[in-house]
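Work through the two exercises below with the sequence and the structure at hand. Each solution goes step by step.

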Amino acid sequence: MAVDVLSTKDGHAKTAKSRAYASVWKTARTTGEVIEIGRSIPPDHPARPRQPELLSPRNVPKRKPGSPAGRIALLHAVAHIELNAVDLHWDIISRFAHVPMPMGFYDDWVKAADDEAKHFNLICDCLETMGSYYGALPAHDGMWRAASDTANDLQGRLAIVPMVLEARGLDVTPGMIEIFEKAGETAAVESLKTIYSEEVSHVAYGAKWFNFGCGRDNSDPKEVFHALVKRYFKGGLKPPFNEEKRADAGLPPDFYWPLAEELPAYVR
Ligand SMILES: [Fe+2]
Ligand SMILES: [Fe+2]
């Protein structure tokens, strides 16, 4: 199921499969059917649609959210992140199938993959209401980098994807909601609020399974987290942090503050 999602190019076809397989999984789990995790080889890079054109981050035009075109660009970037997140969650299931984990690990990532598929569809609907669509603008090509860098390291994957990248989503989403509130774009506001409330659980799944792995290795989660983020994530974490939502997700300040990048000279 995971490899099928990863190998599907079209965004809506990918999210339809993600949602359908999540429902198959949930039904099997509630009826007590025995599910074999099995083994699989995920593609190095997931299949993606022909559009959007993928550019290196520095070539993606900067977005100014003060105009309708800027807000479309912002939502387009969110759609791209959500589609990437669908692949990331199925990838962790497939790529680390050889690591013995409790069934709850798969429950969580299947649920997260279902959420991301829903998020992608919600944002695509907003784009269409605003006269655009996913694929209309270029998007950045760097997003699979974190997955490639941690392809052989489950603890590294958990540290970087849910606990750094998705936690960053918690930091920036309130500001985005405000932009769309000011512009009176109610559909976008509602969609972003749904995303914001559901993303907390993805960060929490990350923290839960990261702590589980450290406990199994008898290692200190905070120290391992710091070492892995320094190894796989270049450039330090960007404050301000959403300390409240990070706490909800089981990320205490002593995990992320020591990794914060220095404030740039012009704001010091
Ligand atoms: Fe999401
Ligand atoms: Fe997420």
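Donors are N, O and S atoms within 2.8 Å of the metal (3.2 Å for Na, K and Ca); water is not among the atoms, so sites may look incomplete. The model is predicted: local features need pLDDT of at least 70, side-chain atom pairs count only at pLDDT 80 or more, and totals for chains, interfaces and linings use all residues. Residues are numbered from 1 along each chain as its sequence is written, ligands are numbered from 1 in the order in which they are written, and side-chain values use heavy atoms, without hydrogens and water.

**Exercise 1.** Find the protein donors of the iron ion (ligand 2) and place them in the chain.

Solution.
1. The donors are Glu-116 (OE), Glu-166 (OE), Glu-199 (OE), Glu-199 (OE) and His-202 (ND1), at 1.9 to 2.7 Å from the ion.
2. Along the sequence, the spacing of the donor residues reads E-x49-E-x32-E-x2-H.
3. Glu-166 lies in helix 6 (residues 154-182) and His-202 in helix 7 (residues 186-217), 36 residues apart, and this pair links distant parts of the chain. Helices are DSSP runs (H or I, at least four residues), numbered from the N terminus.
4. Glu-116 also bridges to the iron ion (ligand 1), and the two ions lie 3.8 Å apart.

**Exercise 2.** Are Glu-166 and His-202 buried or exposed?

Solution.
1. Buried means under 20% relative accessible area, exposed over 50%, and partly exposed in between (1.4 Å probe, protein chains only).
2. Both Glu-166 and His-202 are buried.

Terms used: Helix = DSSP H or I, 4+ residues; strand = E, 2+ residues; numbered from the N terminus.
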